Amino acid sequence: MKFTLSVNGQRRSVDVDPRTPLVWVLRDELDLKGTKFGCGMSLCGACTVHMDGAPIRACSTPVSAVADKSITTIEGIGTTPIGSKVQAAWLAVDVVQCGYCQAGQIMSATALLSRNGNPSDADIDAAMAGNLCRCGTYTRIRAAIKQAATGKSEG
Amino acid sequence: MAMYLVPEAAPSTGVSRRAFLKASALVGGGLLLDFHLPNAGAAVSDGAGEALNAFITVMPDGIVSIRAKNPEIGQGVKTMLPMLIADEFDVDWKNVRIEQALANGVKYGPQFAGGSTATPINWEPLRRVGAAAREMMVRAAAATWGVPVSELKTESGSVLHVPTGRKLTYGELAAAASKIAPPDPKTVQLKDPKDFKIIGKPMPGVDSPLVVTGKPLFGIDVTVPGMKYAIYAKCPAFGGTVVKANVDALKTLPGVRDAFVLRGNASVAGSTGPLDRLVDGVAIVADSWWLAEQAREKLEVQWDEGSVTHENDARFAEEAARLAQQAPAAYIVKNGNVNSALAGAARVVEGDYAYPFLAHVTLEPQNCTASYSGGKLELWAPTQNPESNRKVVAATLGIAPQDITVHMTRCGGGFGRRGASDYAVEAAAISKQAGVPVKLLWNRADDLRHDFYRPAGFHHFKAGLDGKGNVVAFRDHFVTLGSAEQPGSSAYAGPDEFPSRFVPHMEFAASFIASGVPTGPLRAPESNGLAFAFQSFIDELAHAAGRDPLQFRLDMLGEPRILDSADDRYGMQPDFDTGRMRGVLELVREKSGWNARQKLPAGSGMGTAFYYSHMGYFAEVVQATVAANGTLKVDKVWVAADVGSQIINPMGAENQVQGAVLDGIGQSLTRINIENGRTVQSNFHEFTPLRINQAPPIEVHFRTTPNPPTGLGEPALPPVIPALCNAIYAACGKRVRRLPIEAATLAKA
């Protein structure tokens, strides 16, 4: 079945089973490999993308549900002011270890900062608890979110 | 075009320890240096080979490329190892480019990620590579100007003639340097550490800009022309075989290109365990991975579940309790006379400890892309162990190892899981049978149910204190898994286990439960279970003696001295320096405010533990709070570490330590259950890695001592588990003797 999607501001057409999860459409039909597969059940957050600015799990969202929505992925988030600040903070704090979860972390963090410009630790925990990091970069994720919010490093 | 050298034949015996370099010109005036270096006497586990090889290229524009030979799994070696070369070469880090090498054991020597070995193996040899390259540039400048070498110095990728102020960049000197015979790396002058400009400076990961923008880096991101997608369904019971499957029906499903049964082979050379090979399964090859997954839902298989279906957690626990009452199968340590020392002790303390199976759950599920054609195979694998992949795949497919090219991709986590070759051999066999390139990807249930688990373990302690509270006798009967006679992978311990060598009468005995559950190394293998059991029981002894648990440990360690190792299992035999362990205990006492811990509110407490693994000395303090209903909050962790004279990359080092600490806390809070010879858990709602809301702040303090630098991927992990359990005891009086920690067991009665 044919779908026309809006991904990172571009109209893209795909011809897939309507039940196909968005993560596979992004990765293997549109060759946007930044969105990651981790669990297939919305449990790890590695596949987090934005639908009309709100974070969703692309592994559990069928392509048919996003046909008339605006999708933003890690490849496009840097063109938004907040997304670009978050990416810069991620590099300044050197959050990354293996890096596999970080696209999803950045998407969740950008969504958090879009609705809360100055999150507390508790706000961060609540917004980011759905994103697993097996390398345990959580302390730096907190620091990077605060740095992106305030423009200041924690020390 | 760069002209790459044909590597010299692998050196024969007697020559293999000789370091040598080769220089050659690059088209366009560049220099290429090809190095073969021995391991400089560094300890290497697993009998890894002698040769180490790196490439440096210097282009006329001054850009220096350094080839990273080891797999990057998040431990930071792709950044850290080139820092060693670049500093001694005296180039600016901003002009250094890093490229990932192919897997090629002949060319590069050992290429693996494991055992926290990259730092101790490479610390001196890679610096000598850089220093030799620097010396060549100096000699090229001396020849160009006709001046003595003594009048020259280097700085930021240039050679300066001090008396005249003349300057040539390395890029300008590259062509001339390529005609100079390289020096013997043994003879080159290394920098005084006070002159380091890159080593010791915080350097962000070299690939991080690609990570945060979502560029394809990982195994799962690989695409090759004509590629199809594959899944491989195996028997839920370990090692089970296929009787029959409805493969013809599967072939009619949407998008399915092929479906077939593959037969497992016998254990093969190079494998890391009995099931690290091709095992029976059903392959489905489709136009998309999701369509292959959809077809899996229609899969009907009759399995022969084999001989493991009686295995379950309850049986292991019962068997362990039974074996603990019997004479042990083996002694790891047997010193003095424990029975008579216990009989004469003022006080005897006993405790039974247990820990569960654990899975690795790399967040990137196991995957491999394989392209087989005409007896040749190309693999793209997120791997910690490319040469093992090559051996196992070659033996399974019946092709020559040199007909396999292994591309090492970045790994979305390793933790020991990607030392095995099972997923690589599946991808290769499926590509061969299907006749097309395939990307095999496991789903999360495959990953959790077909792991090589951290083995469960059982410890039965009994120790005696004299009238002054000193430990005079110590016994552990360790019941572990394996065959009836010997331990399985990562299921044992060595004779150096503390308090061996510190207690006059000690028995460390072992018995084995025969099991078909596949086991293997998980980050800080062996230590991640042993530290919990031993350092928790030692805490019990401290409390029984009525002593400060941290001071009790210092007293057990005694005066600073170096003790020889009796552990020759890995060819390492690391000495134990009691002074270094005392140093980190004293440092963590100071930094954590340990001596003021009695001022903490009711329900909160501090616990401590130390552990020596991977040649790193670590002492940690955990502060935890336990609510009346048993809810646990880890408030803060303090780490004091001694990994030698130099922290090479402070930015990466702190990240590794914090990650290992959180990994350890996560290990203490979850488990894998075995029922009917199979794993119960299927996804992250059942096997629960640590989340950000459970992650405490972690202070990391390094104590530098005049010792060769050692690795950081693992040694911070083991002590945090007992330190946490000891903090729980301090907070609420409940002794955790069985992992995982469960809130219900901590609630007030």
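This is a short selection-by-selection tour of a predicted model with chains A and B.

**Stop 1: chain A on its own**

Start by hiding chain B and colouring chain A by domain: domain 1 is 2–76 and domain 2 is 77–149. If you drop a pseudoatom on the C-alpha centre of each domain of chain A, the two points sit 20 Å apart. Now pick out the seam: 16 residues of domain 1 of chain A are in contact with 14 residues of domain 2 of chain A. On the domain 1 side, the elements giving two or more residues are strand S3 (48–51), strand S4 (54–57) and helix H2 (74–77) of chain A. S3(A) has the largest share of that side, with three residues. Colour the domain 1 side by residue class and you get seven nonpolar, eight polar and one charged.

**Stop 2: where the chains meet**

Bring chain B back. The contact between the chains uses 45 residues from chain B and 44 residues from chain A. For the chain B side, select helix H5 (208–212), helix H7 (289–296) and helix H16 (650–667), the elements that each give two or more residues. Which of them gives the most to the side of chain B that touches chain A? That would be H16(B), with six residues. By class, the chain B side splits into 23 nonpolar, 16 polar and six charged.

Stay on H7(B) for a moment and show its buried residues: B:Trp289, B:Trp290, B:Leu291, B:Ala292 and B:Ala295. What do the buried residues of H7(B) pack against? From chain A there is helix H1 (22–29). From chain B, select strand S9 (228–234), helix H6 (247–250), strand S11 (256–262), strand S12 (281–286) and strand S19 (438–441).

**Stop 3: the domains of chain B**

Next, colour chain B by its assigned domains: domain 1 (20–199), domain 2 (219–307 + 378–449) and domain 3 (523–749). Note that domain 2 of chain B is given as two segments, so select both. The C-alpha centres of domain 1 and domain 3 of chain B are separated by 38 Å. Their contact takes 18 residues from domain 1 of chain B and 18 residues from domain 3 of chain B. On the domain 1 side, helix H1 (77–89) and H3 of chain B are the elements giving two or more residues. That side of domain 1 divides into nine nonpolar, nine polar and no charged residues.

**Stop 4: a helix crossing**

Zoom in on helix H3 (residues 118–145) and helix H4 (residues 170–177) of chain B, whose axes come within 9 Å and cross at roughly 85°. That angle makes H3(B) roughly perpendicular to H4(B). To see the contact, show B:Met136, B:Met137, B:Ala140, B:Ala141, B:Ala143 and B:Thr144 from H3(B), then B:Tyr170, B:Leu173, B:Ala176 and B:Ala177 from H4(B). Those contact residues come out as nine nonpolar, one polar and no charged.

**Stop 5: an enclosed strand**

Finish on strand S20 (residues 457–465) of chain B. Why is S20(B) largely enclosed by the rest of the structure? Because eight of its nine residues are buried, each with 20 or more other C-beta atoms within 10 Å of its own.

Now add the neighbours. Strand S15 (residues 347–355) of chain B pairs antiparallel with S20(B) over nine bridges; B:Tyr355 has B:Gly457 as its bridge partner. Strand S21 (residues 471–482) of chain B also runs antiparallel to S20(B), joined by eight bridges, and B:His459 stands opposite B:Phe478 in S21(B). S20(B) and S21(B) form a hairpin with five residues between them. Last click: B:Gly469 in that turn, with a positive phi of about 85°.

How values were computed:
Residues are numbered from 1 along each chain as its sequence is written. Chains are lettered from A and ligands numbered from 1 in the order in which they are written. This is a predicted model: local features need pLDDT of at least 70, side-chain atom pairs count only at pLDDT 80 or more; totals for chains, interfaces and linings use all residues. Two residues are in contact if their C-beta atoms, placed from the backbone, lie within 7 Å. Helices (H or I, at least four residues) and strands (E, at least two) are DSSP runs, numbered from the N terminus. Ala, Val, Leu, Ile, Met, Phe, Trp, Tyr, Cys and Pro count as nonpolar, Asp, Glu, Lys and Arg as charged, and the others, Gly among them, as polar. Domain bounds come from an automatic or database domain assignment. Axes are lines fitted to C-alpha atoms, for helices over the stretch in contact, and angles run from 0 to 180 degrees between N-to-C directions. Angles under 35 degrees count as roughly parallel, over 145 as roughly antiparallel, 65 to 115 as roughly perpendicular and the rest as oblique. A residue is buried if 20 or more other C-beta atoms lie within 10 Å of its own, exposed if 12 or fewer, and partly exposed in between; C-beta atoms are placed from the backbone. Two strands pair if DSSP finds at least two bridges between them.
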